[in-house]
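Subject: Structure for your review

Dear colleague,

Please find below the sequence and structure that I would like to hand over to you. My findings follow directly after them.

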Amino acid sequence: MDQSLSMLARLERDVLDDSVALASILRQVLIMGAHASSASLRTWAQQELKGYSDPAGEVPAYRKIPAQLKADMFAGSGQFKGQDISPRDLPETVKGVGNEVTIAWGVHEIQATTGREGEHIRLGATNMAQVARLMTRDQRQRQGNPFLVVTSVYWSVSTATLEGILDQIRTRLTEFVAELRSALPNGEEEPTSEQVQRAFTSIHITVGDNSPVTVSAPVAYAEQDATATVPAGAPLELPR
């Protein structure tokens, strides 16, 4: 690392270089937040690095992504894999399962997952095995087929969509640097605490309540493999 560069200059150089790992850039932002006594900037950088581990907490809107619900099932001698389903196909007792998931993993885990083979990955969450059992019971009653068995319910997520999360983070970091540059007089390299805080506020990282289903660990496999199960995250609302 070039020690002659200011903290801001190093951050500007690295955020514009796609070969520099996003995690490395966020660590620089974490240090900058500490120097500027910006708790909000520091917290954001920490959560992007380590993941949004609190299921009841808040996650930025760009981490909520579309995900197609799918099911694997047997019907007599027939086997059907990767069948598109909608939330309306699920029993009324199953709440909070839709065509959207919140990705709470750290950036390194997201990057590793996008590098897996296949254009889509399969994601599951806590209690999805119970969802499959309830759907089996419900579909047997609806269709009058006692031999129907739903073996798994999961989401299919495009790896390009996960890459989009990483791009959103890098774009916000670029906007943050641009705001700092615009606030500094020519020749100045060290922003004040107030300038850092204003720049971070200006990039509009909006957060909201978690969607009911949060995929909070990078346990995911290429679409042809077994459904991933995630041991942590906001629980699905299921009947007792």
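I begin with Arg63, which sits in the loop between strand S1 (58-60) and strand S2 (64-66). Please bear in mind throughout that this is a predicted model. Arg63 has a relative accessible area of 0%; since anything under 20% is classed as buried, Arg63 is a buried residue. Its side chain reaches the backbone oxygen of Trp105 at 2.8 Å. Apart from residues up to four places away in sequence, Arg63 touches Glu48, Tyr52, Val101, Thr102, Ile103, Ala104, Trp105, Val107, Ile110, Ile165 and Ile169. Trp105 therefore appears twice in this account of Arg63, as the residue whose backbone oxygen is reached by the side chain and as one of the residues touched.

A second arginine, Arg170, may also interest you. Arg170 is found in helix H6 (residues 159-183). With a relative accessible area of 13%, Arg170 is buried. The side chain of Arg170 reaches a backbone oxygen as well, that of Val15, at 3.3 Å. When residues up to four places away in sequence are not counted, Arg170 touches Asp14, Val15, Asp17, Asp18, Val20, Ala21, Leu22 and Ile25. Of these, Ile25 is 145 residues away from Arg170 along the chain, yet the C-alpha atoms of the two are separated by 8.8 Å.

Some of the residues touched by Arg170, including Asp14, Val15 and Ile25, also take part in the packing of two helices. Helix H1 (residues 7-15) packs with helix H2 (residues 22-35) at an angle of about 155 degrees, and their axes are 10 Å apart. Because an angle over 145 degrees counts as roughly antiparallel, H1 is described as roughly antiparallel to H2. The crossing of H1 with H2 is left-handed. On the H1 side, the contact is made by Met7, Leu8, Arg10, Leu11, Asp14 and Val15; H2 contributes Ile25, Gln28, Val29, Ile31, Met32 and His35. Sorted by class, the contact of H1 with H2 comprises eight nonpolar, two polar and two charged residues.

Leu8, one of the H1 residues in that contact, is also in contact with Leu184. Leu184 lies in the loop between H6 and helix H7 (193-202) and is buried, with a relative accessible area of 9%. Setting aside neighbours within four places in sequence, the other contacts of Leu184 are with Glu189, Glu190, Pro191 and Gln195. Gln195 is 11 residues from Leu184 along the chain, and their C-alpha atoms are separated by 8.3 Å.

Is Ser37 buried or exposed? Ser37 is located in the loop between H2 and helix H3 (39-50), and its relative accessibility is 62%. Ser37 counts as exposed because that value is over 50%. The phi angle of Ser37 is near 55 degrees, which is a positive value in a residue other than glycine.

Finally, some figures for the protein as a whole. The secondary structure comes to seven helices and 10 strands. The protein has 240 residues, of which 45% count as buried. Among contacts between residues at least 6 apart in sequence, 72% join residues at least 24 apart.

Yours sincerely

Conventions:
Residues are numbered from 1 along each chain as its sequence is written. This is a predicted model: local features need pLDDT of at least 70, side-chain atom pairs count only at pLDDT 80 or more; totals for chains, interfaces and linings use all residues. Side-chain values use heavy atoms; hydrogens and water are left out. Axes are lines fitted to C-alpha atoms, for helices over the stretch in contact, and angles run from 0 to 180 degrees between N-to-C directions. Helices (H or I, at least four residues) and strands (E, at least two) are DSSP runs, numbered from the N terminus. Angles under 35 degrees count as roughly parallel, over 145 as roughly antiparallel, 65 to 115 as roughly perpendicular and the rest as oblique. A crossing is left-handed if the near helix is turned anticlockwise from the far one by less than a right angle, and right-handed if clockwise. Contact means heavy atoms within 4.5 Å. Ala, Val, Leu, Ile, Met, Phe, Trp, Tyr, Cys and Pro count as nonpolar, Asp, Glu, Lys and Arg as charged, and the others, Gly among them, as polar. Buried means under 20% relative accessible area, exposed over 50%, partly exposed in between (1.4 Å probe, protein chains only). A polar contact is a pair of N or O atoms within 3.5 Å; within protein, one must be able to donate a hydrogen and the other to accept it, and residues adjacent in sequence count only if both atoms are side-chain atoms.
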